[in-house]
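This report describes the cores, the enclosed and open spaces, and some of the strands and helices of one protein model. The sequence and the structure come next, and the discussion follows them.

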Amino acid sequence: MVGRHAAGSRRAALAALGALVLTALPSAASAAPPPSPGASPGAAQTLGADRPPAGLLHALERDLKLTPDQAAGRLVNEAEAGTRAGRLRNALGERFAGAWVSGATSADLTVATTDAADVAAIEAQGARAAVVKKSLGDLGAVKARLDAAAARVKTSDTPVWYVDVPANRVVVRAVSESAAASFVQAAGVAGQDVGVQVSADRPRLLADVVGGDAYYIEDEARCSVGFSVTKGAQQGFATAGHCGDPGDTTTGYDRAPQGTFQASTFPGKDMAWVGVNADWTATPDIKAQDGQRIQMAGSVEALVGASVCRSGSTTGWHCGTIRQHDTSVTYPEGTIDGLTETTVCAEPGDSGGPFAAGAQAQGVTSGGSGNCTRGGTTFYQPINPLLRDFGLTLRTTSTAEAQTPAPQDGAADAWTAGRVYTAGTTVTHAGVRYRCLQNHQAQGAWSPDGTPALWQRV
């Protein structure tokens, strides 16, 4: 299903659903030391992982059953692992087969390759090596064929499919083996290339300026604010596409007039943004535990296995881990590609709310199954594609204080603050070439020459 809903039918669907619209890694027990004077900051310092708010640590301790030292060490380890994985991805090229963290404190980074000759190089970077048959590119090609088939056949009985990086395979989650077999056959891919997971769960949408606050659409449905954004002089916030159509009006958590949906994509993707009026001011904040706020410093994408926390207007602040990226999900309203699956719980009304890994924005809540009483699965729309598609700038601790600087090079590929970069992209900055290590939107303070956590000189 690729067409768009009319405003009335979308609001009716939300109401009917109850609307989720109603080098070695540092040790787990110690944080990375501060950089010496004049030195470039490490990944933990760049991403703010070395100074987490108390509310974030308490939630990680509660939901992941960690001690205070384990929670703090986990955030540092995950930040450092992302940079190491990015450097190895660039070095391995087409042989790269993915990376993930594991262990209570994410102290173990594993990087997969299709060539055993790469093992020594991987281990030299403090990571475990996994030699597998298929590269990440090979797996992506198989999933792309499933994505194409989903445009031709019904996938209500095969609602989830994704690239399972640690297992080095593509997985179809279906209500039965026969439903999965039919979908795989329709895609024209070999059965041995796809694993099947039988589950009765059917994801649903989660629908009911500070991320996690409630807002109301046309006085008929409720969702949650994602992240504050700007587009030129217009302030606003990112949220889920299924929450509203362009032109729909919103009121805030206090029912005061708030803004209007500027753009929305659903299905296909689940992304939207609302432009707010002059009574509302975009902030870098999202709501955390017990009324505390956490400020976003950027949007660096976390690895599979990393911890992630979600804020929503129904269930508040909950944490879990990332299961996999690049997940396709079929809801009753249509199929969404490119979501991230997590172990975080959510309930109706939490849709659109923010997911964060430490101080890094990850995405906005889309849908899921289960609830916060018995646990469940939740999917989010990654924030970087949303920012790129709509030409938005994430409001962060740096963008809230300074204007975005102009590019310093005249070249077409000059590094530019505010642009969304994907791993492997090359840019020019101050006459030097750099390659991106991790997906992110460039912040003014993150120029390549001073941010080795995100950029590698080539």
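Two strands are said to pair if DSSP finds at least two bridges between them. The model discussed here is predicted, and the pairing of strand 9 with strand 10 is a convenient place to begin.

**Two hairpins**

Strand 9, residues 214–217, and strand 10, residues 221–224, run antiparallel and are joined by four bridges. Within this pairing, Tyr215 has Cys223 of strand 10 as its bridge partner. The two strands form a hairpin with three residues between them, and in this hairpin Glu218 takes a positive phi near 50°. From strand 10, Ala221 and Cys223 point one way while Arg222 and Ser224 point the other way, and all of these residues are buried.

A second hairpin is made by strand 2 and strand 3, with five residues between the strands, and Gly103 in its turn has a positive phi of about 95°. Strand 3 covers residues 108–113, runs antiparallel to strand 2 and is joined to it by five bridges. Among the pairs in this hairpin, Ala99 has Val111 of strand 3 as its bridge partner. Because six of the seven residues of strand 2 are buried, this strand is largely enclosed by the rest of the structure.

**Nonpolar cores**

The largest nonpolar core contains 49 residues, and Phe227, Trp317, Leu386 and Trp455 are those that touch the most other members. Leaving aside residues up to four places away in sequence, Leu386 touches Ala238, Thr239, Met271, Ala272, Val364 and Leu392. Apart from this core lies another, of 24 residues, which includes Trp100, Val170, Val194 and Val304.

**Helix 3 and a loop residue**

Helix 3, residues 54–64, has Gly55, Leu56, Leu57, Ala59, Leu60 and Glu61 buried. The buried residues of this helix pack against helix 4, strand 17 (293–295), strand 18 (307–312) and strand 19. Lys65, which comes just after helix 3, takes a positive phi of about 55°.

Is Ala167 buried or partly exposed? Ala167 is found in the loop between strand 5 (160–164) and strand 6 (169–174). Its relative accessibility is 38%, and since buried means under 20% and exposed means over 50%, Ala167 counts as partly exposed. Although Ala167 and Val132 are 35 residues apart along the chain, their C-alpha atoms are separated by 9.1 Å.

**Pocket and cavities**

The table sets out the volume of each space, together with the element that gives the most residues to its lining.

| Space | Volume | Element giving the most to the lining |
|---|---|---|
| Largest pocket | about 860 Å³ | helix 4, four residues |
| Largest cavity | about 190 Å³ | helix 4, four residues |
| Second largest cavity | about 50 Å³ | helix 8, three residues |

The largest pocket is lined by 35 residues, and those closest to its centre are Arg89, Glu301, His325, Asp326 and Asn439. By class, this lining divides into 16 nonpolar, 13 polar and six charged residues. At least two lining residues come from each of several elements, including helix 4 (68–92), strand 2 (96–102), helix 6 (136–150), strand 19 (316–331) and strand 20 (334–342). Strand 23 (375–382), helix 8 (383–390) and strand 25 (420–421) also supply at least two residues each.

The largest cavity has 19 lining residues, of which Leu47, Glu78, Ala79, Ala302 and Ala357 lie nearest its centre. Helix 4 and strand 22 (360–371) each supply at least two residues of this lining, which comprises ten nonpolar, seven polar and two charged residues.

Which residues line the second largest cavity? They are Ser299, Glu301, His325, Thr340, Ala361, Gln362, Tyr380, Pro382, Ile383, Asn384 and Pro385. Strand 22, strand 23 and helix 8 are the elements that give two or more residues to this lining. Its classes are five nonpolar, five polar and one charged. Glu301 and His325 appear in this list, and both are also among the residues closest to the centre of the largest pocket.

Methods. Residues are numbered from 1 along each chain as its sequence is written. This is a predicted model: local features need pLDDT of at least 70, side-chain atom pairs count only at pLDDT 80 or more; totals for chains, interfaces and linings use all residues. Side-chain values use heavy atoms; hydrogens and water are left out. A nonpolar core is a set of buried Ala, Val, Leu, Ile, Met, Phe, Trp, Tyr and Cys residues joined through side-chain atoms within 4.5 Å. Buried means under 20% relative accessible area, exposed over 50%, partly exposed in between (1.4 Å probe, protein chains only). Contact means heavy atoms within 4.5 Å. On a 1 Å grid over the protein atoms alone, a cavity is a set of points where a 1.4 Å probe fits but cannot get out, and a pocket is an open set with protein on both sides within 12 Å along at least five of seven lines; lining residues have an atom within 4 Å of a point. Grid points are joined across faces, edges and corners, and a volume is the space filled by probe spheres set on the points. Ala, Val, Leu, Ile, Met, Phe, Trp, Tyr, Cys and Pro count as nonpolar, Asp, Glu, Lys and Arg as charged, and the others, Gly among them, as polar.
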